[in-house]
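Okay, thanks everyone for squeezing in. I'd like to walk you through one model today, so let me put it up on the screen.

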Amino acid sequence: MKITVFCGARFGNQKNYGETARLIGNELAKRKIELVYGGSTSGTMGAISQAVLENGGKVTGIYPEGLFEDELPRKNTTSFIQTTTTTMAQRKELLINSGDAFLILPGGLGTLEELSQLLSNMALGIIPQRKISILNINGFYDNLIQLLNNFIDAKFMDALCKDDLLISADYQVLLEELTASESKSTKQELSA
C-alpha cells in the first residue's frame, strides 16, 4: 500500500507537529506502507521521510526541478521523481495519482491546495474515490472542518465529500482506518 502524505515544508510553531510526523514515519515503515510525498528534506516533510527511511521503509519523493531555492530535495529515497516543470501542477498530479490513500498533516497554503484539489477531483469523478484522512492535531483543522460544513449547509458541496473524510487527532486511528479499508478491498478482489 502507498499513502500520499500532504504536509508542510516547515515545522510550524508547535513542537508536536514534527514529533508526530516522525512517529507517523516510524509507523508507516513498521506497517510496510510506502510513503509518497513532496520530496523535500524540510519541515514535517523531511521529518516523516527521514523516519521512514531510518526504519527501513520505502519512500517515493516527487520534487519539482528548479522551483524552490530554500528547500533541498531528499534524493536518498527508495524512488525519487524529479519533475521537469517549474509549476506545482505536475507534482500534485503525480502525488495524487501515486497514492492508494491520503493523509493530511498540518501545513500551509500548499497543503490546503492539495487537499482542495484532491476533494474536487474526486467529487467531479476525475480520479477514483480513495480514503482521505486528516490529522487534526491540536485542533489545527477545526476551522476547515467548519468551512466544509458551511459548504454543505449552503448546498455548494455534497455531504458525501465530507463523509468520506477520516478526521482524528490520533494518527494511529487514521492509519488503522486507512489500512483496514485496504485489507477489505484486497479481500474483495481475491474473492471476486
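**Strands, rings and charges**

Let's begin in the sheet, where β1 and β5 run parallel and are joined by four bridges. Before I go further: this is a predicted model, so please hear everything I say in that light. If you want a spot to look at, find Ile 3, which sits opposite Ala 101 of β5. Over to β6 now: β5 pairs with β6 as well, again in the parallel sense, and there the count is three bridges. A handy marker for that pairing is Ile 104, standing opposite Ile 134 of β6.

Now, what about the two faces of β5, are they covered or open? A quick reminder first: side chains in a regular strand alternate between the two faces of the sheet. In β5, both faces are covered. Ala 101 and Leu 103 point to one side, Phe 102 and Ile 104 to the other, and all of them are buried.

Hang on to Phe 102, since that takes us to the rings. The structure has three aromatic pairs. One of them is Phe 6 with Phe 102, and this one is stacked, with 6.2 Å between the centres and 5° between the planes. What I like here is that the pair links distant parts of the chain: Phe 6 belongs to strand β1, residues 2-6, while Phe 102 belongs to strand β5, residues 101-104, and they are 96 residues apart. Both Phe 6 and Phe 102 are buried.

Then there's Phe 140 with Tyr 141. The ring centres of Phe 140 and Tyr 141 are 4.8 Å apart and the planes sit at 85°, so we call this pair edge-to-face. Buried or exposed? Phe 140 counts as partly exposed, because its relative accessibility is 34%. Tyr 141, on the other hand, comes in at 7%, so Tyr 141 counts as buried. Add Tyr 17 and you have one aromatic cluster: Tyr 17, Phe 140 and Tyr 141.

Okay, charges. How many salt bridges does the structure hold? Four. Let me take you through some of them.

Lys 15 and Glu 19 form one, with the closest N and O atoms 3.8 Å apart. These two are four residues apart in helix α1, residues 15-30, so about one helical turn separates Lys 15 from Glu 19. Lys 15 is exposed, at a relative accessible area of 68%, and Glu 19 is partly exposed, at 33%.

Next, Glu 27 and Arg 31: their side chains meet in a salt bridge at 2.9 Å, N to O. Glu 27 is buried, with a relative accessible area of 10%, whereas Arg 31 counts as partly exposed at 24%. And there's a third partner to keep in mind, as Glu 27, Arg 31 and Glu 176 are linked in a network of salt bridges.

Then Glu 113 and Lys 92, whose side chains meet at 2.6 Å, N to O, in another salt bridge. This pair links distant parts of the chain: Glu 113 is in helix α4 and Lys 92 in helix α3, residues 89-98, with their positions 21 residues apart in the numbering, that is, they are 21 residues apart. Glu 113 counts as partly exposed at 42% relative accessibility, while Lys 92 is buried at 7%.

Last stop, and the one I'd most like to discuss: Arg 130. Where is Arg 130? In the loop between α4, residues 109-123, and β6, residues 132-135. Arg 130 is buried, yet it has no salt bridge. The nearest side chain of opposite charge is Asp 100, and that is 6.2 Å away, where a salt bridge would need 4 Å.

So what does the side chain of Arg 130 reach instead? Backbone oxygens. The one on Gly 99 is at 2.4 Å, and the one on Ile 96 lies 2.9 Å from a polar atom of the Arg 130 side chain. Leaving out residues up to four places away in sequence, Arg 130 touches Ile 96, Asn 97, Gly 99, Asp 100, Phe 102 and Met 122. And there's Phe 102 again, the ring stacked with Phe 6.

That's my tour. Happy to rotate the view and go back to any of these spots.

Definitions and conventions. Residues numbered from 1 in each chain as written. Predicted model: local features only at pLDDT ≥ 70, side-chain atom pairs only at ≥ 80, totals over all residues. Heavy atoms only, no water. Buried < 20%, exposed > 50% of the residue type's maximum accessible area, 1.4 Å probe, protein only. Lys, Arg positive; Asp, Glu negative; His and termini not counted. Polar contact = N/O pair within 3.5 Å; in protein donor to acceptor, adjacent residues only side chain to side chain. Contact = heavy atoms within 4.5 Å. Phe/Tyr/Trp six-rings, centres within 6.5 Å; stacked < 30°, edge-to-face > 60°. Pairing = 2+ DSSP bridges.
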